[in-house]
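Student: I would like to go through this structure with you and ask, for each label put on it, what justifies the label.

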Amino acid sequence: MKKNSKIIRKTESGWDGITPKEYKTSGTNFKDITRHSLLGEGEDEHELNMQTRVFRVKEGGYSSLEYHRHPHSVMIVEGKGSMILGDEVHDLNTFDVVYISPETLHQFHADKGAPLSFLCVVDRYRDKPSVPGEKMLDEVMGDSEARRKARL
Ligand code: MN
């Protein structure tokens, strides 16, 4: 039995041994968000079929508006905010849980006067996200609150 079980301790600014990374290395449709890859990317974690990340969005920031084939398993772990899910907008509070099904547009917003941090679990092997164009947004969202909230 390999003994590579471990505990990753919370520190004041993040997690012990985890260097926060840029949210994405390309694109501009996000703001003030960092990625903490907690489990699944390390050398000794290849047994995991999933990757566990925490994304921290500063007040006023947002994640990229995107869709993809792989689903997301999400829990809000700090703060509050809202999100676009398909053609709808939903408020989010700490410990709320979100399932984002395949091909569903999604974007997290820290727009309630607080930061928003969420845990997100994904398959290790997954497709790359696609970013919608204005035309697709008009088609999917029409003249809705979600369309007005969407940031590209
Ligand atoms: Mn996504």
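The conversation below takes the labels one at a time, beginning with the chain as a whole.

Tutor: Keep in mind throughout that this is a predicted model. The chain holds two helices and eight strands, and from the N terminus the elements run β-β-β-β-β-β-β-β-α-α.

Student: How do you know whether the radius of gyration of the chain agrees with that of a compact globule?

Tutor: A compact globule of 152 residues would have a radius of gyration near 15 Å, and the chain has 16 Å, so the two agree. The C-alpha trace spans about 55 × 30 × 25 Å along its principal axes, and buried residues account for 40% of the 152 residues. Of the contacts between residues at least 6 apart in sequence, 65% join residues at least 24 apart.

Student: Why is F118 called buried?

Tutor: Buried means under 20% relative accessible area, and F118 has 4%, so the label applies. F118 sits in strand β8, residues 116-123, and, leaving aside neighbours within four places in sequence, its contacts include V54, F55, V74, I76 and F108. R56 is 62 residues from F118 in sequence, yet their C-alpha atoms are 6.6 Å apart.

Student: L119 is found in strand β8 too; why is L119 called partly exposed?

Tutor: The class of partly exposed runs between the 20% limit for buried and the 50% limit for exposed, and L119 has a relative accessible area of 24%, so L119 falls in that class. Not counting residues up to four places away in sequence, L119 touches L38, T52, R53, V54, S73, V74, M75 and V77. The C-alpha atoms of L119 and S73 are separated by 8.0 Å, although the two residues are 46 apart along the chain.

Student: What makes E66, H68, H72 and H106 donors of the manganese ion?

Tutor: A donor here is an N, O or S atom within 2.8 Å of the metal, and the atoms concerned, OE of E66 and NE2 of H68, H72 and H106, lie 1.9 to 2.3 Å from the manganese ion; by that cut-off they qualify. Along the chain the donors follow the spacing E-x1-H-x3-H-x33-H, and both H68 and H72 are buried.

Student: What makes M75, V77, F95 and V97 a nonpolar patch on the surface?

Tutor: Members of a patch need over 30% relative accessible area and no salt bridge, and nonpolar side chains are joined within 5 Å. V77, in strand β4 (residues 72-85), has 33% and therefore counts as partly exposed, while F95 has 60% and is exposed; both values are over the 30% that a patch requires. Together M75, V77, F95 and V97 offer about 370 Å² of accessible area, on a chain whose accessible surface comes to about 8,900 Å², with 50% of it belonging to carbon and sulfur atoms.

Student: Why is the phi of F95 worth pointing out?

Tutor: Most residues other than glycine have a negative phi. F95 is not a glycine, and its phi is positive, about 80 degrees; F95 lies in the loop between β5 (88-93) and β6 (97-100). E103 also has a positive phi, near 65 degrees, and is placed in the loop between β6 and β7 (106-109).

Student: How do you know which exposure class E103 belongs to?

Tutor: The relative accessible area of E103 is 42%, which means that E103 is partly exposed, as the limit for exposed is over 50%.

Notes: Residues are numbered from 1 along each chain as its sequence is written. This is a predicted model: local features need pLDDT of at least 70, side-chain atom pairs count only at pLDDT 80 or more; totals for chains, interfaces and linings use all residues. Side-chain values use heavy atoms; hydrogens and water are left out. Patches are made of residues with over 30% relative accessible area and no salt bridge: like charges are joined within 9 Å, nonpolar side chains (Val, Leu, Ile, Met, Phe, Trp, Tyr) within 5 Å. Accessible areas come from the Shrake-Rupley method with a 1.4 Å probe; for residues, only the protein chains shown count as cover. A salt bridge is a side-chain nitrogen of Lys or Arg within 4 Å of a carboxyl oxygen of Asp or Glu. Helices (H or I, at least four residues) and strands (E, at least two) are DSSP runs, numbered from the N terminus. Buried means under 20% relative accessible area, exposed over 50%, partly exposed in between (1.4 Å probe, protein chains only). Contact means heavy atoms within 4.5 Å. Donors are N, O and S atoms within 2.8 Å of the metal (3.2 Å for Na, K and Ca); water is not among the atoms, so sites may look incomplete. The radius of gyration is taken over C-alpha atoms; the globule rule is 2.2 Å times the number of residues to the power 0.38.
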